[in-house]
Amino acid sequence: MNKKFPLTGIGSVAIHASGQQNADYAHLTPIYASSTFTFDSALQGSERFAGADKTKIYSRWGNPTFTTAEETIAALETFGISDAGGEPLQVKALLHASGQAAMTTLFLSTLKSGDTVLSHFSLYGGTQELLQKVLAEMGVHTTIIDMRDLNLVEDTLKKDPSIKLVHIETPANPTIQCVDIDAVTKLAKQQGLTVSVDNTFATPYLQQPFKYGVDFVFHSTTKFLNGHGTAIGGVLLGKDLEFMRTRVWKWHALLGGNSNPFDAFLLTQGMKTLELRMERHCENAVKVAEFLSAHPKIAHVNFNGLASHPDHAVTKKQMRHGGALMSYELKGGLDAGRRFIDALQMCVRAVSLGTVDTLISHPATMSHFGLKREERIRYGITDGLIRMSVGIENIADILNDLDNALKA
Ligand SMILES: *Cc1c(COP(=O)(O)O)cnc(C)c1O
């Protein structure tokens, strides 16, 4: 950040963090729809390849429109955090075509055949399939446990020297379980292991994993960071700058999961209102959770912002609020759930989350369709469970829509 004075709020950081300049003095970083960047001379070309001249070369390796989004996310994830020497923490962000592309770069640049990833159950469906289908065939093993049990985490780490990466997703999809980032990171660091956190559900507004000494933070920017559902994207941030600039950058460039200038532009615009949107998302979510918990047709609600959620204490330790994701089951199970979903008039029937609109989906037949039933049930994803990403509409309209649909 090249500002002359320190910004005191994350809302200002989201708007002003990037120091990108452009030759035409355009207020916003333009959409640099250009695959390649020209050299004035052979010498200049060679200087760019040698790294002495930071101007971009080729858009698979970086593009100015990506840089603005990357600098903004890096500033949000490190806002108010110091490194060991008391200086503002520096991290490097790499924008990708999707969350899955960023996850692929993370796993392939940190793991090799024979290594094991330790993760929490109730993972994002795509992450779990990437690990258990694609990486498994390449000789990378995955151990999935309940990471909320810290003794189990400690035992598992001590017993299995093949574990190289501890991957935490918290809050986790769709049960909104929360893993204690600080405690698990301490256990992993005792064994000298690498820790990554999927911060998609929380966003840096609610939770900043770098505070606890993790190595990597991951986002599907498709969700709250973009906020408007206009583009698929992902980002991988790392605090070992040398490792990020060499191996991680190289793997990213070679795997070809680069973003594109239009999506990066949409992401940058979306992030400017992150704080405002998150405040409203969270305020609405509490009201929706309270309404549903008190409703006679609802069997139970999973929302970490409620004191009744088993991970409420961990939520309070590491998150500013519970967030805007919840899941719930109707007393009538699957059939009642289907009738309810079909009767909604305003809330949108769609997978994905974190958009300004309230989105409703059915994990068992949609996002987690790829998992075996027993496994799904073990993770708490019962047949009738409904997932909801609470939007920023006026609360009365959300509650009316839910109330009417529950009468169906
Ligand atoms: C959506 C999502 C992903 C995958 O991201 P894409 O942008 O869809 O590729 C990974 N993790 C979580 C928690 C997600 O919600």
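Let's start with a single residue, Ala74, which lies in helix H3. Keep in mind as you look around that this is a predicted model. Is Ala74 buried or exposed? Its relative accessible area is 12%, and buried means under 20%, so Ala74 counts as buried. Who are its contacts? Setting aside residues up to four places away in sequence, Ala74 touches Val91, Ala93 and Leu237. Val91 sits 17 residues from Ala74 along the chain, and the C-alpha atoms of the two are separated by 6.1 Å.

Now step back to the whole molecule. The protein chain has 15 helices and twelve strands. Its radius of gyration is 22 Å, close to the 22 Å that the globule rule gives for 408 residues, so the chain is as compact as a globular protein of that length. Along the principal axes, the C-alpha atoms fill a box of roughly 75 × 50 × 40 Å. Of the 408 residues, 54% count as buried. You can also ask how the contacts are spread along the sequence. Taking contacts between residues at least 6 apart in sequence, 73% join residues at least 24 apart.

Next, look for the strands around our starting helix. Seven strands form an open sheet with mixed pairing, and their order is S1-S7-S6-S5-S4-S2-S3. At the edges are strand S1 (92–96) and strand S3 (141–145), each of which pairs on one side only. On average, neighbouring strands of this sheet are turned by 20° against each other, direction ignored. Helix H3 (residues 64–78), the home of Ala74, packs on this sheet and touches S1, strand S6 (216–220) and strand S7 (234–238). The direction of H3 makes about 130° with that of S1.

Elsewhere in the sheet, strand S2 (residues 116–120) and strand S4 (residues 163–169) pair in the parallel sense over four bridges. Here Val117 stands opposite Leu165 in S4. Another helix, H6 (residues 150–159), lies across S2, S3 and S4 and runs at about 155° to S3.

There is another sheet to find. This open sheet has five strands in the order S8-S9-S12-S11-S10, again with mixed pairing. Its edge strands are strand S8 (298–302) and strand S10 (348–349), and each pairs on one side only. Strand S11 (residues 359–361) and strand S12 (residues 385–389) run antiparallel and are joined by three bridges. In S12, Met388 is the bridge partner of Ile360. Helix H11 (residues 274–293) lies across S8, strand S9 (325–330) and S12, at about 15° to S9.

Finally, let's look inside. Which residues touch the most other members of the largest nonpolar core? In this core of 80 residues, they are Val166, Met326, Tyr328, Phe340, Ile360 and Leu402. Helix H11 supplies the largest share of the core, seven residues. At least three core residues come from each of domain 1 (10–116 + 157–167 + 185–271) and domain 2 (274–407).

Tyr328 is a good residue to click on. Leaving aside neighbours within four places in sequence, its contacts include Leu292, Ile298, His300, Val301, Phe340, Ile360, Met388 and Leu402. Among these you will recognise Ile360 and Met388, the bridge partners we met above. A second, separate core has 18 residues, including Leu106, Leu130, Val140 and Phe218.

Conventions:
Residues numbered from 1 in each chain as written. Predicted model: local features only at pLDDT ≥ 70, side-chain atom pairs only at ≥ 80, totals over all residues. Heavy atoms only, no water. Pairing = 2+ DSSP bridges. Helix = DSSP H or I, 4+ residues; strand = E, 2+ residues; numbered from the N terminus. Contact = heavy atoms within 4.5 Å. Axes fitted to C-alpha atoms, helices over the stretch in contact; angles between N-to-C directions. Core = buried A, V, L, I, M, F, W, Y, C linked by side-chain atoms within 4.5 Å. Buried < 20%, exposed > 50% of the residue type's maximum accessible area, 1.4 Å probe, protein only. Domains from an automatic or database assignment. Rg over C-alpha atoms; globule rule 2.2 N^0.38 Å.
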